[in-house]
Amino acid sequence: MSPFGYTNCGVPSGLFGSTPTTINIALSANYAAQWGPVSAFREFVQNWRDGIIKSFNLSENDFHVISRKNSTEIIYKVKGKKGTPKWLGYIRWYQRNGVGIVDITNRQATLEPQHLDMGDSSKSNDQNQAGTHGEGLKVALLVMMRGSQNHAVECYSGGHAWAFDFDMQRKLVAYRSKMTSAAIDSACNIANNNVLNSKLLPFGVHPGKDVQFLIGTNITGRTDKGLTTLRKGVTRNEFKEWTRAALFLQDTNSKEVVRTSEGDLIMDPRFSGNVYLKGLLLKESTPARSASITGKTLRYGYNFATGVTNRERESVADADDETRAILSIWNHAIRNDRALVESLHELLDTREPEYADVERAQDLIQGETENFLKDYLLGFGDRWYYTSMEKDDNPRFDNIVQGLGREPSELKETYWYILKGIGFKTAREKEEKEFLTVTPASVPTDKFAQELHRLIRAGIASCPQIKDTAVEFVQAGSLGLDSFYSRSDRKLKIHEKWLTVAGATQELGLPDNTLMFSVLFCAAKRLLSDVILQVPLSEFEEDGRVPYSNQKRAINQVDLRIFEYIQIKQDLVYKKVNRTEESDTLTIQWNTRNGWDPETRVIVQFHRCWTYSEVRGPIITNYVSRVMSAACYNCVEATAFFKWGICEIQGDTGEKYFVTLSNPSDTNSFVVSLDQTDILEMETPIQTTTKTPGPPPWLYVAQEMIYGFNINITRDWFKAINGLGEEAVLGILKGRAKHLRSDDSDDDSSSSSSAPARKKRH
């Protein structure tokens, strides 16, 4: 039947009727050079499996392979169901005359000439690639015969005998010869005798009704170089290696293969990294190469139930299809066994290597799978999930998580993206949510609460990035968070626990006997630092410095002003030292060694207490103090140098005043204040004196401190008022400005220990 005149079904050549027909197949011997014998055997197995399913109208679930072996045979056979023959086909390795042969037999199937035409495949329009012989068969034929394989391939089907070889042009060629009735009968008798002699063979092949491929017969052929050669048999080890081509030919551990309607999740480490389609190997992973189309490592093996492969039969069509198929298997596997969600969690959270199993999972994962992951993670109630990027962007992260009573648990960025889509929040977002639901709390009237409130407002007013932010204390109950700054609302909410010495002491971890001013300093410093850290770094992009540096600088400046305030405030002494019928002599004293620079000019204002609500509340920084001063006609103002340590004024007899000290050289310095309740009353009786006439009506007194007239400044006039309450303007002829002296030129070394006061009135 071939040019070499051989047949190996055991039938004498003379029983073949016609001269063999030559079918030239336009396929060069080096086609699909990347294919090896395992890939070729896969095509034979696929055609075998698909042919059985099609011939007997089986479902995928009806196809079951049973394996048996002994010292001379290995067989895989498919058992029929009701209404079919008992056995539907088999794949067998056996030895004959010391030569190993592989027998692949389908019942009730045929091989036709059109099956060998390139591109003429019944599988081309089948999305599941189920059917019979296709292009892969031709490639498998030449791979088995070329190179080091050098195996002969024969086929018996439809009453014909087929032999395959290379021609002189190194092209694949097929020889087809019709068998006579005598040849078919002879072949059937030989096949039945083989069944009797074999302990494993399930049935005898009928060359007129079945399809039988024989690989490894000991005959003469032509190499892929065009040279005559004696074909090789197939060793037992070679055959075992070939069976890797199909998952159903493997001895898998059923406990480590999770079967679903979408395919199988293979957790058996022997098959890790392998990809199968309907049980047929697409590609195996090696240390040098992944089976995934992405090129990344596959942690587990997968057997896809459906899919379309690329032309090389090595993968599904594209990377997204591969990931969708894998994630679909995981979804169905977890649906059946919730414990598997832990394994998927580990895949998603592994940073090195990045597994192909979950490549682009953030875009392709199914909603049901997301919920499985959510339920799993929320089962660890004490954990707070975050990414390294979030922690880097939020310097308050650790404090927030601690305040929420959680333990931080870092996740991979792409994994977090999935969780964010199903409601997981950043620490900042959770903090905002908690503070949005709280109720405002009133600030107690005790000294600590009032001073803390004042310092917080002053600190905010002194920082440009948070200036004009409203401060609100809230009833946050057991919430462990300190504060929340809403940039959009320009509002700072602070937990009311900070309004008491005991609460602040506990939060700061200070000893119970810590002095109030020390607690006040630490509390104000902590809270103001906390709010500045909540401002986006982009707000600190100025002066050409790194935003982070500017943010730290803002915190340090506020810390310094708090420190100065506390140092001055804790040593202030407010006294009433004398009283006459017309006036009280009031002094304010401070420690010159703590606070501002000794050369600092200090503005001291004594405000009438009935203006408390409209004046004292707003006066928190020097900038605000100056604005309010222009509108305040009911205060007595004096100037002193900080190194003097004292300022004295004459106030109206019996009038109650609260005092403020401000540093005009620092726009944002905090204003230090003392209430009337802080005054030390004199112990001497009232002195009666003769009433001194008031100033003449022609004498006008400036309503604000004048340090000198200077024609170079924009403003060279000042409002003034006389004893009758009449207003006027004080000015200067510009030509005579050089003859005037500024108060700044006074020799302060010879000045008295208190500054002259100026009284404002309506």
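Strands, such as the one that leads the list of pocket-lining elements below, are DSSP runs of E with at least two residues, and they are numbered from the N terminus. The model shown in these views is a predicted one.

**View 1. The largest pocket and its lining.** The largest pocket holds about 1,100 Å³ of space, and among the 37 residues that line the largest pocket, those closest to its centre are Leu247, Phe248, Leu249, Thr252 and Arg259. Strand 2 (65-69) gives the largest share of the lining, five residues, while elements that each supply at least two residues include strand 3 (73-79), helix 4 (236-242) and strand 16 (301-304). Sorted by class, the lining of the largest pocket comprises 13 nonpolar, twelve polar and twelve charged residues.

**View 2. The contact of helix 6 with helix 8.** The axes of helix 6 (residues 341-349) and helix 8 (residues 367-378) come within 10 Å and cross at roughly 95°, which makes helix 6 roughly perpendicular to helix 8, because angles of 65 to 115 degrees count as roughly perpendicular. On the helix 6 side the contact is formed by Val341, Glu342, Leu344, His345 and Leu348, which meet Thr369, Phe372, Leu373, Tyr376 and Leu377 in helix 8. Seven nonpolar, two polar and one charged residues make up this contact.

**View 3. The packing of helix 13 with helix 15.** Helix 13 (residues 447-462) and helix 15 (residues 516-533) pack at an angle of about 35°, with their axes 10 Å apart, and helix 13 passes helix 15 in a right-handed crossing. Residues of helix 13 in this contact include Phe448, Leu452 and Ile456, and those of helix 15 include Val519, Ala523 and Leu527. The residues of this contact divide into twelve nonpolar, one polar and two charged.

Definitions and conventions. Residues numbered from 1 in each chain as written. Predicted model: local features only at pLDDT ≥ 70, side-chain atom pairs only at ≥ 80, totals over all residues. Heavy atoms only, no water. Axes fitted to C-alpha atoms, helices over the stretch in contact; angles between N-to-C directions. Helix = DSSP H or I, 4+ residues; strand = E, 2+ residues; numbered from the N terminus. Left-handed = near helix turned anticlockwise from the far one by under 90°. Contact = heavy atoms within 4.5 Å. Nonpolar A, V, L, I, M, F, W, Y, C, P; charged D, E, K, R; others polar. 1 Å grid on protein atoms, 1.4 Å probe; cavity = no way out; pocket = protein on both sides within 12 Å on 5 of 7 lines; lining within 4 Å. Points joined across faces, edges and corners; volume = space filled by probe spheres on them. Parallel < 35°, antiparallel > 145°, perpendicular 65-115°, else oblique.
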